[in-house]
Amino acid sequence: HRGALRRHPIAAAVLALLLVGILVRAATEGALSQAIVYFMAIAAGVALVDAVLAFAPPRSPAIVVRKPASELAVATAIFAGGLAWLSGHFVWNYQPQGPVRLLWLLLLIGCAFDLFLFLFLLTRRYGLGDLGFRFSGLLAAPPVVAVFATFALLFTQSTITWSRLLEETGGTWLSVVATALVAAVPEEFFRFVWQTRAGAFLNNRATGWLLASCLWATLHGPKDWDESHSIAATMMGMINIVPLGLLWGYVTHRTRGILPAVLIHATNVWGIQNLP
């Protein structure tokens, strides 16, 4: 990892600023201990992923990116559509009626949930494996889930969102699993596409990895605004989750597939990242 930092000084500098910014903000809000636990959990997660994959390396072939420029252009347009839908729904509380409601639903499914991006890449003759749907590296997921659960139970029990999730989904296991997958699959697919295409286009996988998690965090901005109606709180809410996204992106990079990250994401009820 030290070698990777030396090879990518700009990405390393951005990560350092992100770390310092989160810690300073947490200290001013009286949540420094939670921020430290958050970063310790991420560091432990990275170490466990590396340890597991050292003994059971993924045997899937490398990810193929055929036309990074054009694929990135389409991904950008779909990202803009998804951000527009989320902003309309959460910031401006737009509720269409009549025939426009169907178009609004299509925009939600196609852009916010990345169906259009998935279909576009299928038309480019990518298979499911090429799009990250591989079973390689699944053994790396349970240790990461376990370390976040352990840190939350030992140090930040108040952040655990399990009871709220049960309440919001009606309290059945089926609804909980469905809700988790509906969020995790499109978000990890989004990250996979962006970090592989941007990395190939820029010839810098570290920048693609960082960009993907920053854009993913941006998509959470409209909902953060709806909950806080504060620009400062919205910005910090987005910044706070970038390290978590970077961990999930690292898992995807190391395992060459999105399913391990989907599993970790879907079981993320620990809330350690929910800093003030």
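Where is the place of asparagine 93? Asparagine 93 sits in the loop between helix 4 and helix 5, and the close-ups below start there. This is a predicted model, in which local features need pLDDT of at least 70 and side-chain atom pairs count only at pLDDT 80 or more, while totals for chains, interfaces and linings use all residues. Residues are numbered from 1 along each chain as its sequence is written, and side-chain values use heavy atoms, with hydrogens and water left out.

**View 1. Asparagine 93 in its loop.** Asparagine 93 isn't a glycine, yet its phi is positive, about 55°. Helices here are DSSP runs (H or I, at least four residues), numbered from the N terminus. With a relative accessibility of 49%, asparagine 93 counts as partly exposed; buried means under 20% relative accessible area, exposed means over 50%, and partly exposed is in between (1.4 Å probe, protein chains only).

**View 2. An aromatic pair, tyrosine 94 with tryptophan 104.** Searching the whole structure turns up 11 aromatic pairs. In this one, the rings of tyrosine 94 and tryptophan 104 meet edge-to-face, 4.8 Å centre to centre with 90° between the planes. Rings of Phe, Tyr and Trp (its six-membered ring) pair if their centres lie within 6.5 Å; planes under 30 degrees apart count as stacked, over 60 as edge-to-face and the rest as tilted. Tyrosine 94 belongs to the loop between helix 4 (68-90) and helix 5 (99-112), tryptophan 104 to helix 5, and the two are 10 residues apart. Tyrosine 94 is partly exposed at 37% relative accessible area, whereas tryptophan 104, at 16%, is buried.

**View 3. Another edge-to-face pair, phenylalanine 118 with phenylalanine 133.** Here the ring centres are 6.0 Å apart and the planes make an angle of 75°. Phenylalanine 118 is in helix 6 (residues 115-123), and phenylalanine 133 is in the loop between helix 6 and helix 7 (141-155), 15 residues apart. Phenylalanine 133 is partly exposed, at 26% relative accessible area.

**View 4. A ring cluster and two arginines over rings.** Phe79, Phe190 and Trp194 are joined into a cluster by ring pairs. Arginine 66 lies over the face of tyrosine 126, 4.4 Å from the ring centre. Arginine 191 puts its charged end over the ring of tryptophan 216, 4.5 Å from its centre. A charge sits over a ring if NZ of Lys or CZ of Arg is within 6 Å of the ring centre and within 35 degrees of the ring normal.

**View 5. Valine 37 and its contacts.** Valine 37 is part of helix 3 (residues 32-55) and is buried, at 8% relative accessibility. Leaving aside residues up to four places away in sequence, valine 37 touches Phe151, Phe155, Thr156 and Ile272; contact means heavy atoms within 4.5 Å. The C-alpha atoms of valine 37 and proline 276 are 14 Å apart, with their positions 239 residues apart along the chain.

**View 6. Helix 12 and its two ends.** Just ahead of this helix, histidine 229 lies in the loop between helix 11 (221-228) and helix 12; histidine 229 has a positive phi of about 50° although it's not a glycine. At the other end, helix 12 is followed by arginine 256, whose phi is also positive, near 65°. Along the way, helix 12 bends by about 30° at valine 242, and proline 243 follows within four residues. That bend is the angle between axes fitted to the seven residues ending at a residue and the seven starting there.
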